[in-house]
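Q: I have a protein model open in front of me. Could you show me how to read some of its features?

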Amino acid sequence: MSWTRLLLFCLPLAVACTQQEAPISTTSQSPIASESSDVTLFEGGRLIIGDGNVLEDAAFLVENGRFTQVGVSGTINVPASTVQVNFSGKTIIPALIDGHGHLGYSDVGARTDVRASYSRENIIDHLQRHAYYGHSATMSMGIDPLSMAELRESTTDNAARFLWAGRGIGRPNAGPGATDRRDVPYGIDTVEEGIAAVRELAEAQVDLVKIWVDDRNGTVEKLTPDLYGPVIKEAHRLGLKVTAHIFYLEDAKDLLRAGIDGFAHGVRDVDVDDEFMELLAKRPYTFLMPNLPNSGSTTIDDLPFFAQTLPAAGAETMRTEISESTTHTRFAVEARNLKRMYDAGVPLILGTDGDGAGWDIHEEIADMVLAGVNPTDALASATKNAAELYRLHDLGTISAGKSADFVILDSNPLEDIKNTRAISNVYIRGEEVNRAELSANWTE
C-alpha cells in the first residue's frame with residue numbers, strides 16, 4: 001500500500017485538466033464497414049500476451065467482445081466489413097486485475113470527508129476509476145456486506161468487474177483497521193461460528209475467503225490456529241480458497257501448517273527464515289500478494305498520471321505529499337522477503353490494498369520490479385496469475401476465446417515498468433472505455 005492510498009481520504013473538490021493522447025488510427029477493411037462493426041482487427045505493434053510470450057508486429061481480431069484470432073500481421077483471416085486499428089509503435093497488454101482492494105468506502109475527490117457513505121453507486125464509481133487505469137477486474141477483500149452480491153454478476157459500462165470476498169473472518173471487532181468497518185466481518189469466538197460463517201460465504205458465492213490473523217500492533221485479538229484451522233478446512237471442503245491478512249513470521253508458519261492457500265500481505269516483521277521456506281516448499285501453490293509499502297520511487301514526474309482523475313486542489317496536495325514522502329521503514333525487509341519467495345517459485349498475485357483510486361496498481365507493479373521481480377513476471381502477477389486464482393477463465397491473457405479486455409500503451413513496459421502508465425486506450429469486453437468522459441466527470 002503506497003502513501004497515495006491514504007491521500008484519497010482527504011481530497012477536496014476542484015478541477016484538473018486531462019491531457020489526452022492522440023487516438024490510434026482507424027480505417028475500414030471494406031467500403032461498407034463502419035465504426036459500429038462487431039469485428040475489429042488490431043494490427044502492427046507489440047503484443048505482450050500475458051503468459052510470458054511477446055509478439056512483434058502482432059495482430060488480433062475482436063468479434064462480439066472476444067478475441068477470436070491472435071498472431072502476427074498477415075496471418076489473420078479477416079472477414080469482410082472489418083474495422084482496422086493500427087497500433088504500430090505501441091504495446092498492448094492484457095487488462096490488469098487487482099487481487100486485493102477495498103472498494104466503496106473512500107470518497108475519491110468528491111468531498112473532503114474522511115469516509116464516503118458505503119453504497120452501490122460508490123463501488124461503481126471506484127470500478128470505473130479502475131477501468132480508467134486499465135483494470136479488467138478488482139477483488140474487494142473482506143469488508144463488503146452480503147447485500148452487494150448482485151454486483152458480482154452485473155456488468156457496467158466503462159467499469160471493471162467486481163470480485164469479492166464478502167464478509168471476512170476475524171475475532172470480534174478485529175477485522176479491518178478502520179473503526180467504521182470493523183462490524184462488517186464475522187467476529188468469531190468458536191469453531192462453530194467460524195464454520196457457519198464459511199457456509200454463509202459459500203452460499204453467497206464469494207470468490208475467496210479472507211481471514212485476519214494480526215493483532216494490529218497489540219491492539220486487538222487475532223484468530224488463533226484452533227479457530228482458523230477449521231475455517232480453512234471447511235472452506236476447502238466447499239471448494240473455496242482462503243487468504244490471510246498477516247504481519248508476523250510465526251503466524252505465517254502456523255497458517256502454512258493449517259493449509260492456507262495464500263497471503264494477502266507479505267511477512268512484515270522480520271526476514272523469512274529457512275523453516276518458513278521449507279514449509280512453503282511443501283505447499284508449492286501457496287500464493288503471495290506482496291502489497292509492498294511506500295518504496296520512495298514515486299516522483300513529481302508521476303503526478304500528471306494521478307491528476308487525470310483528481311480535482312486540482314487534490315493534485316496540489318499530492319504534489320506536496322510526494323515531495324515530502326520517504327521510503328517506508330519496512331520496505332527493505334518486505335522487498336527481501338518478496339525476492340526470496342519469488343526466487344523459490346512462489347506464485348505472485350498483485351494486490352494493492354487500495355481504496356478505489358485505480359492508479360495504485362501501477363505503483364505496486366513498479367515496486368515489485370524494484371524488489372527484484374522480472375517485469376514480465378510482475379505483469380503476469382496482475383494478469384494471468386490473478387485470473388487463474390479467481391477462476392476468471394476468460395481474462396488474464398490475450399488469447400482466442402477470452403474476453404477482449406486489454407490496454408494499449410504508448411511505450412514498452414518491459415523496457416521500463418513505469419510505461420504501464422503510458423495508457424493510450426483501454427478496452428473492456430471489446431468496447432473502448434470512454435476515458436475522456438470519465439476524467440471530465442471526476443474533475444469538473
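A: We will go through a helix, a sheet, a loop glycine and the cavities, and the model is a predicted one.

Q: What length should helix α5 span, and what is the distance between its ends?

A: The general idea is to take a rise of 1.5 Å for each residue and compare the result with the distance between the end C-alpha atoms. Helix α5 covers residues 225-237, which is 13 residues, so a span of 18 Å is expected; the end C-alpha atoms are 18 Å apart, in agreement.

Q: Which residues of α5 are buried?

A: Start with the general pattern: an α-helix has 3.6 residues a turn, so residues three or four places apart point the same way. In α5, the buried residues are Leu227, Tyr228, Gly229, Val231, Ile232, Glu234 and Ala235.

Q: What do the buried residues of α5 pack against?

A: To read packing, look for the elements in contact with the buried residues. Here they are two helices, α4 (191-203) and α6 (249-258), and the strands β12 (169-170), β14 (209-212) and β15 (242-245).

Q: What comes just after α5?

A: Glycine 239 comes just after the helix, with a positive phi of about 80 degrees.

Q: In what order do the strands of the six-stranded sheet run?

A: Read a sheet by going from strand to neighbouring strand. This open sheet has the order β4-β3-β8-β18-β19-β20, with mixed pairing. Strands β4 (54-55) and β20 (431-432) are at the edges; each has a single partner strand, so one side of each has no neighbour in the sheet.

Q: How do β19 and β20 pair?

A: Strand β19, residues 423-428, pairs with β20 in the antiparallel sense, over two bridges. One bridge joins isoleucine 428 to glutamate 431 in β20.

Q: Where does glycine 358 lie, and is it buried or exposed?

A: Glycine 358 is in the loop between α10 (331-343) and α11 (360-370). A relative accessible area under 20% counts as buried. Glycine 358 has 0%, so it is buried.

Q: Which residues is glycine 358 in contact with, beyond its neighbours within four places in sequence?

A: Those residues are Arg129, His130, Tyr133 and His135. Sequence separation and distance in space are two separate readings: histidine 126 is 232 residues from glycine 358 along the chain, yet their C-alpha atoms are separated by 7.5 Å.

Q: How many cavities of 30 Å³ or more are there, and what lines the largest?

A: The search of the whole structure finds four. The largest holds about 60 Å³ of space. Its lining includes Leu127, Phe162 and Arg429. By class, five lining residues are nonpolar, three polar and two charged.

Definitions and conventions: Residues are numbered from 1 along each chain as its sequence is written. This is a predicted model: local features need pLDDT of at least 70, side-chain atom pairs count only at pLDDT 80 or more; totals for chains, interfaces and linings use all residues. Side-chain values use heavy atoms; hydrogens and water are left out. On a 1 Å grid over the protein atoms alone, a cavity is a set of points where a 1.4 Å probe fits but cannot get out, and a pocket is an open set with protein on both sides within 12 Å along at least five of seven lines; lining residues have an atom within 4 Å of a point. Grid points are joined across faces, edges and corners, and a volume is the space filled by probe spheres set on the points. Ala, Val, Leu, Ile, Met, Phe, Trp, Tyr, Cys and Pro count as nonpolar, Asp, Glu, Lys and Arg as charged, and the others, Gly among them, as polar. Helices (H or I, at least four residues) and strands (E, at least two) are DSSP runs, numbered from the N terminus. The expected span of a helix is 1.5 Å times one less than its number of residues. Buried means under 20% relative accessible area, exposed over 50%, partly exposed in between (1.4 Å probe, protein chains only). Contact means heavy atoms within 4.5 Å. Two strands pair if DSSP finds at least two bridges between them.
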